[in-house]
Amino acid sequence: MGAVKTKRMPRAVREQQMLDAAVRTFGQRGYMAASMDEIAELAGVSKPLVYLYLNSKEDLFTACIRREGQALTEAVRAGVRTGSAADRQLWDGLRAFFTHTARHPDGWAVLHLQARTHGEPFAAEVAAMRAELVALVTQLIVVAAREAHRDPDLPEREVAGLAEALVGAAESLAAWANTTPGSTPGQPATILMNFAWAGLGNLMEGRPWTPPTDHTDRT
């Protein structure tokens, strides 16, 4: 079947149309199974035009990763209301994360499943996006912890590992929520708050868990 003819439109608009089609195809069929013919037909353009705009299948996939990663991080940043209590900021950020991944399941599949399983440079693109999310969560926790401890010099390394764990758990829960019928964004957010905030709340109040006295770290 030939590509559907459409009216002339600005290059930027046409490119986003191609990326929309590519994200849907990559997300549902996987990187290896997706074809440029299928993407072009879904976008309503010719395959040569896709190559003209985005050079190759690899470049098209990279562009999809960057766009979807930027959209996700922007959604989380926009969802956090600075100045509110630490638990409210974390809740808002998690809600924004799970709302976005639920609304864009193909984009999340590209980021969480496809890009990570096809090597460099795709994995590096996702790692950069993830690092930005971890940095955001780290700063959120650090600010709250410094206020709770009344210690403006509390080092970030004290909570950086918590941020890594929190983002990792959110990624796994998003994959679970997107494949669980009837799941809403509030459900995984609530699960993660119940799982994580008890520990974070104690940290904020200066009551961290410590290993038993007979523990020896041999690593």
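Which residues form one aromatic cluster? F26, Y31, F61 and F122 do. The legends below take up this cluster and its surroundings in a predicted model.

**Figure 1. The whole chain is built from nine helices and zero strands.** The model is predicted. Read along the sequence, the pattern is α-α-α-α-α-α-α-α-α. The protein has 219 residues, and 41% of them count as buried. Contacts often bridge long stretches of sequence: among those between residues at least 6 apart, 68% join residues at least 24 apart. The exposed surface comes to about 12,400 Å². Carbon and sulfur atoms supply 54% of that area.

**Figure 2. The largest nonpolar core holds 53 residues.** F26, L60, F97 and F98 have the most contacts inside this core. Helix α7, residues 122-149, gives the most to the core, with ten residues. In soluble globular proteins, nonpolar side chains tend to be buried together.

**Figure 3. Helix α1 packs its buried residues against α2, α3, α4 and α6.** Helix α1 has 19 residues. From first C-alpha to last, α1 reaches 26 Å, close to the 27 Å expected at 1.5 Å a residue. Its buried residues are R14, M18, L19, A21, A22, V23, T25, F26 and G27. G30 follows α1 and has a positive phi, near 95°.

**Figure 4. T25 is a buried residue of helix α1.** The helix covers residues 11-29. T25 counts as buried because its relative accessibility is 4%, under the 20% cut-off. Beyond its neighbours within four places in sequence, T25 is in contact with G30, A34, E38, I39 and L42.

**Figure 5. F26 touches residues from several parts of the chain, including Y31, F61 and V110.** Residues up to four places away in sequence are not counted here. The other residues touched by F26 are A34, I39, K57, L60, C64 and Q114. F26 is buried in α1. F26 also belongs to the aromatic cluster with Y31, F61 and F122.

**Figure 6. Y31 and F61 form a tilted aromatic pair.** A search of the whole structure finds seven aromatic pairs. In this pair, the ring centres are 4.6 Å apart. The planes meet at 35°, so the pair is tilted; stacked would need planes under 30 degrees apart, and edge-to-face over 60. The pair links distant parts of the chain, 30 residues apart. Y31 is in the loop between α1 and α2, and F61 is in helix α4. Are these two residues buried or exposed? Y31 is buried, with a relative accessible area of 7%. F61 is buried too, at 0%.

**Figure 7. F97 and W108 form an edge-to-face pair.** Their ring centres lie 5.6 Å apart. Their planes are at 80°, so the pair is edge-to-face. F97 lies in helix α5, residues 86-103, and W108 in helix α6, residues 105-114. The pair therefore ties together parts that are eleven residues apart in sequence. F97 and W108 are both buried.

**Figure 8. Two charged ends sit over tyrosine rings, those of R11 and K57.** The charged end of R11 sits over the ring of Y53, 4.2 Å from its centre. The charged end of K57 sits over the ring of Y31, 4.7 Å from its centre. K57 is one of the buried residues of α4. Y31 also pairs with F61.

**Figure 9. Helix α4 spans the distance expected for its 23 residues.** How far apart are the end C-alpha atoms of α4? They are 33 Å apart, which agrees with the 33 Å that 23 residues should span at 1.5 Å a residue. Buried residues of α4 include L60, F61, T62, A63, C64 and I65. Also among them are E68, G69, L72, T73 and V76.

**Figure 10. R116 is in the loop between α6 and α7.** R116 counts as partly exposed because its relative accessibility is 33%, between the limits of 20% and 50%. Beyond its neighbours within four places in sequence, R116 is in contact with L111, V126, R130 and E171. R116 and V126 are ten residues apart in sequence. Their C-alpha atoms are 7.2 Å apart in space.

How values were computed:
Residues numbered from 1 in each chain as written. Predicted model: local features only at pLDDT ≥ 70, side-chain atom pairs only at ≥ 80, totals over all residues. Heavy atoms only, no water. Helix = DSSP H or I, 4+ residues; strand = E, 2+ residues; numbered from the N terminus. Buried < 20%, exposed > 50% of the residue type's maximum accessible area, 1.4 Å probe, protein only. Contact = heavy atoms within 4.5 Å. Phe/Tyr/Trp six-rings, centres within 6.5 Å; stacked < 30°, edge-to-face > 60°. Lys NZ or Arg CZ within 6 Å of the ring centre and 35° of its normal. Areas by Shrake-Rupley, 256 points an atom, 1.4 Å probe, with all protein chains shown as cover. Core = buried A, V, L, I, M, F, W, Y, C linked by side-chain atoms within 4.5 Å. Expected span 1.5 Å × (residues − 1).
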